[in-house]
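Student: Could you take me slowly through one part of this model, the place where the ligand sits, and then show me how the rest of the chain is laid out around that picture?

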Amino acid sequence: MGLAGRSVIRVDDFSPAEIQHVLNVADDMHGRLGERLDLLAGRILATAFFEPSTRTRLSFESAMQRLGGGVIGFADPTTSSAAKGETLADTARIIESYADLIVMRHPLEGSSKVAADYARKPIVNAGDGGHQHPTQTLTDLFTMQRERGTISGLHIGLCGDLRFGRTVHSLLGALRHYDVKVTCIAPNSLQLPERYRPDTLNLDTTERLEPVLAELDVLYVTRIQRERFPDASEYEKVKGVYVIDAELLERSKEELLVMHPLPRVDEIAYNVDPDRRAAYFGQAAYGVPVRMALLALLLGAVSSDGVPPPEEVAVVVEHEPRCPNPDCANHREKYTVPQMLVEGETRRKCGYCEMELTV
Ligand code: NCD
């Protein structure tokens, strides 16, 4: 069956071979951007965006239209029935009767999983709170591969808000499949939560960018995620901690790639834009061929037969307690059934938001 008909909720939903297959198909799509393609003629994509977006939604819509398909959706949840109190499960079941695939962004962690549990059509997570953003990761990997020719061997610095930055959480989930070195550069209060740190990855942490900058092949900068701070004064303490400017870049490798999922606030100065190391606008543009590839594969218009899927891992799941994380979909949507993955006697991991707890 391959990728056809599957949902994409976390980056772990792909095997390493499947990730590479998506990137290969994206390469092909990239070379055909000027052509008229009818691969998805007659198919409909729905974009359900409950949080702001420019790149993700428009690149998905552009991708679908470039493949000959149609698009419906909303970008302002106050105009959808969620504003009347409709549950995620109901919204998903209604939208799937109007479309062949749903791309969803929502502030709750695990929200896409809820949609996928109730809908039969593929759901693609375009960002679920501070949890994951797997299609951004495909775009990030594609950027590295095209601009550097390889991902393995790179020393990648992740800089900024590693606590709430969902693009970083997904990226790390994919980087564990490559032979890379990762340095997490963040103030202590914004360092990477333990649950997003793959134990097989060569990873270290620091608060200071300057001492490591000269060693990096990729500097992946993120915005401090103001909207996810429980307390505004905490944001005030860390805003503007890192500013990458032309002067700082003089201390980096000539062939450094400066990446950013965008939008930027003030963490990359405008005087970096003309520098050949600035890869972020190209990275945003790569979102179109990557999402073309993903849509074509999930809707079965391009084959993924024979590509090995993720290994099945046997897990024991308990249906209590409800997840205590207030930003988790299981906590907030009361009809959802807790899915606690059992990790030893007292350790549990929420199947929606991945938060670990002791019972
Ligand atoms: C990111 C997101 O929404 O997580 N944007 C994107 O999709 N390119 C990054 C961000 O909002 O900071």
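Tutor: What follows begins with the surroundings of the ligand and then moves on to the domains, a sheet and a salt bridge.

Please keep in mind from the start that this is a predicted model. The residues around the ligand are R55, T56, R105, H133, Q136, R166, T167, R223, Q225, P261, L262 and P263. If you sort this shell by character, you find 3 nonpolar, 5 polar and 4 charged residues.

Some members of the shell can be described atom by atom. The side chain of H133 places an N or O atom 2.8 Å from an oxygen atom of the ligand. With P261 the backbone takes part, since one of its N or O atoms lies 2.8 Å from a nitrogen atom of the ligand. L262 also contributes through its backbone, where a polar atom is 2.9 Å from a nitrogen atom of the ligand. Taken alone, the ligand would expose 320 Å², and the protein buries 94% of that area. Helix 2 (55-66) and helix 6 (166-175) are the elements that give two or more residues to the shell.

L262 and P263 deserve a second look, as both belong to the shell around the ligand. L262 lies in the loop between strand 9 and helix 10, and its phi is near 65°, a positive value in a residue other than glycine. The peptide bond that joins L262 and P263 is cis, with omega at about 10°. P263 has its place in the loop that runs between strand 9 (257-259) and helix 10 (280-298).

We can now step back to the domains. The domain assignment of the protein chain gives domain 1 (11-131 + 285-298), domain 2 (134-284) and domain 3 (315-350). The shell around the ligand draws at least three residues from each of domain 1 and domain 2. As for domain 3, its C-alpha centre lies 30 Å from that of domain 2.

Let us turn next to a sheet, for which one general idea is helpful. Strands of a sheet pair through backbone hydrogen bonds, and the pairing can be either parallel or antiparallel. Here 4 strands form an open sheet in the order 10-11-12-13, with antiparallel pairing. Strand 10 (317-318) and strand 13 (356-358) stand at the edges with a single partner strand each, so one side of each is left without a neighbour in the sheet.

Following the sheet across, we meet strand 10 and strand 11 (residues 340-343), which run antiparallel and are joined by 2 bridges. In this pair, V317 stands opposite L341 of strand 11. Strand 11 is in turn joined to strand 12 (residues 347-350) by 4 bridges, again in an antiparallel arrangement, and here E343 has R347 as its bridge partner in strand 12. The hairpin of strand 11 and strand 12 has 3 residues between the strands, and in this hairpin G344 takes a positive phi near 85°. Strand 12 and strand 13 also run antiparallel and are joined by 3 bridges. R347 appears once more at this step, with T358 as its bridge partner in strand 13. In the hairpin of strand 12 and strand 13, which has 5 residues between the strands, E354 takes a positive phi near 70°.

Just as a cis bond joins L262 and P263, a cis peptide bond joins E320 and P321, with omega at about -5°. P321 is found in the loop between strand 10 and helix 11 (329-332).

Finally, consider the charged pairs. The structure holds 25 salt bridges, one of which is formed by E18 and R6, whose closest N and O atoms are 2.7 Å apart. This pair links distant parts of the chain, with E18 in helix 1 (residues 16-31) and R6 in the segment before helix 1, 12 residues apart.

Key. Residues numbered from 1 in each chain as written. Predicted model: local features only at pLDDT ≥ 70, side-chain atom pairs only at ≥ 80, totals over all residues. Heavy atoms only, no water. Near = heavy atom within 4 Å. Polar contact = N/O pair within 3.5 Å; in protein donor to acceptor, adjacent residues only side chain to side chain. Areas by Shrake-Rupley, 256 points an atom, 1.4 Å probe, with all protein chains shown as cover. Nonpolar A, V, L, I, M, F, W, Y, C, P; charged D, E, K, R; others polar. Domains from an automatic or database assignment. Pairing = 2+ DSSP bridges. Salt bridge = Lys/Arg side-chain N within 4 Å of Asp/Glu carboxyl O.
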